[in-house]
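Visitor: Hi! I've just opened this one up and could use a hand finding my way around.
Guide: Happy to help, so let's look together.

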Amino acid sequence: MLSRTLGIWDCLTSQQVIDVIRLQIFEGKDLPDICESICELCLAPDTSSGAGIGCDNMTIMIVAFLNGLTKAEWQDKIRDRVEKNYGYDTPR
């Protein structure tokens, strides 16, 4: 039987990844820590099941376009948007 390994996009939808990123920025986490938590979220709890989900090599990079803001100003802007449900609700 051929074993298939699956990565981040097989574990989470694009919207779920966005929701995790927005929520964790709201909680004050730095982007490298958010990348790590997403990878950990997608890791297989048991690699012997044979399903392959969460067993693939995973790499994630989050790019923040600051548009002239400082990092702190950008984070505050994201926190404000999440708090006010600007654009769409971010699940908590």
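Visitor: Which residues in H2 meet which residues in H3?
Guide: On the H2 side they are Val17, Val20, Ile21, Gln24 and Ile25, and they meet Leu31, Ile34, Ser37, Ile38 and Leu41 of H3. Sorted by type, the residues of this contact are eight nonpolar, two polar and no charged. Please keep in mind that this is a predicted model.

Visitor: Good to know. At what angle do H2 and H3 pack?
Guide: The angle is about 135 degrees, and the axes are 10 Å apart. H2 and H3 are therefore oblique to each other.

Visitor: Why oblique and not roughly antiparallel?
Guide: Because an angle has to be over 145 degrees to count as roughly antiparallel, and the one for H2 and H3 is about 135 degrees.

Visitor: Is the crossing of H2 and H3 left-handed or right-handed?
Guide: Right-handed, as H2 passes H3.

Visitor: Let me step back a bit. How many helices and strands are there in the chain?
Guide: The chain has four helices and zero strands. Following the sequence, you read the pattern α-α-α-α.

Visitor: And what share of the residues counts as buried?
Guide: The chain has 92 residues, and 32% of them count as buried. Something else about the whole chain: take the contacts between residues at least 6 apart in sequence, and 66% of those join residues at least 24 apart.

Visitor: Since it's a prediction, what is the mean pLDDT of the chain?
Guide: The mean is 83, with 79% of the residues at 70 or more.

Visitor: Where is confidence lowest and where is it highest?
Guide: The lowest is given for helix H1, residues 8–11, with a mean of 81, and the highest for helix H4, residues 71–83, with 94. There is also a stretch to treat with care: over residues 1–5, pLDDT stays under 50. For that stretch the model has six contacts beyond four places in sequence.

Visitor: You mentioned H4. How do the axes of H2 and H4 cross?
Guide: They cross at roughly 110 degrees and come within 8 Å. That makes H2 roughly perpendicular to H4. H2 passes H4 in a left-handed crossing.

Visitor: Which residues make that contact?
Guide: From H2 you have Arg22, Ile25 and Phe26, and from H4 there are Trp74, Gln75, Ile78, Arg79, Arg81, Val82 and Glu83. By type, the residues of the contact of H2 with H4 are five nonpolar, one polar and four charged.

Visitor: I clicked on Lys29 next. Where does it lie?
Guide: Lys29 is in the loop between helix H2 (14–26) and helix H3 (31–42). Leaving aside neighbours within four places in sequence, Lys29 is in contact with Gln24, Ile34 and Gln75.

Visitor: How far is Lys29 from Gln75?
Guide: Along the sequence they are 46 residues apart, while in space their C-alpha atoms are 9.3 Å apart.

Visitor: Why does Lys29 count as partly exposed?
Guide: Because its relative accessible area is 34%, and partly exposed covers the range between under 20% and over 50%.

Visitor: What about Ser37, from that first list?
Guide: Ser37 is in helix H3. Ser37 also counts as partly exposed, with a relative accessibility of 22%. The C-alpha atoms of Ser37 and Ile21 are separated by 9.6 Å, and the two residues are 16 apart along the chain.

Visitor: Changing topic: which sign does the phi of Asn67 have?
Guide: A positive one, about 50 degrees, although Asn67 is not a glycine. Most residues other than glycine have a negative phi. Asn67 is in the loop between H3 and H4, and Asn67 is exposed, with a relative accessible area of 72%.

Visitor: And what is the phi of Asn85?
Guide: Near 55 degrees, again a positive value in a residue other than glycine. Asn85 is found in the segment after H4 and is partly exposed, at 36% relative accessible area.

Visitor: Last one: is Met61 buried or exposed?
Guide: Met61 counts as exposed, at 69% relative accessibility. Met61 lies in the loop between H3 and H4. From Met61 to Glu36 the C-alpha distance is 9.8 Å, and they are 25 residues apart in sequence.

How values were computed. Residues are numbered from 1 along each chain as its sequence is written. This is a predicted model: local features need pLDDT of at least 70, side-chain atom pairs count only at pLDDT 80 or more; totals for chains, interfaces and linings use all residues. Side-chain values use heavy atoms; hydrogens and water are left out. Helices (H or I, at least four residues) and strands (E, at least two) are DSSP runs, numbered from the N terminus. Buried means under 20% relative accessible area, exposed over 50%, partly exposed in between (1.4 Å probe, protein chains only). Contact means heavy atoms within 4.5 Å. pLDDT is the predictor's confidence in each residue, from 0 to 100. Axes are lines fitted to C-alpha atoms, for helices over the stretch in contact, and angles run from 0 to 180 degrees between N-to-C directions. Angles under 35 degrees count as roughly parallel, over 145 as roughly antiparallel, 65 to 115 as roughly perpendicular and the rest as oblique. A crossing is left-handed if the near helix is turned anticlockwise from the far one by less than a right angle, and right-handed if clockwise. Ala, Val, Leu, Ile, Met, Phe, Trp, Tyr, Cys and Pro count as nonpolar, Asp, Glu, Lys and Arg as charged, and the others, Gly among them, as polar.
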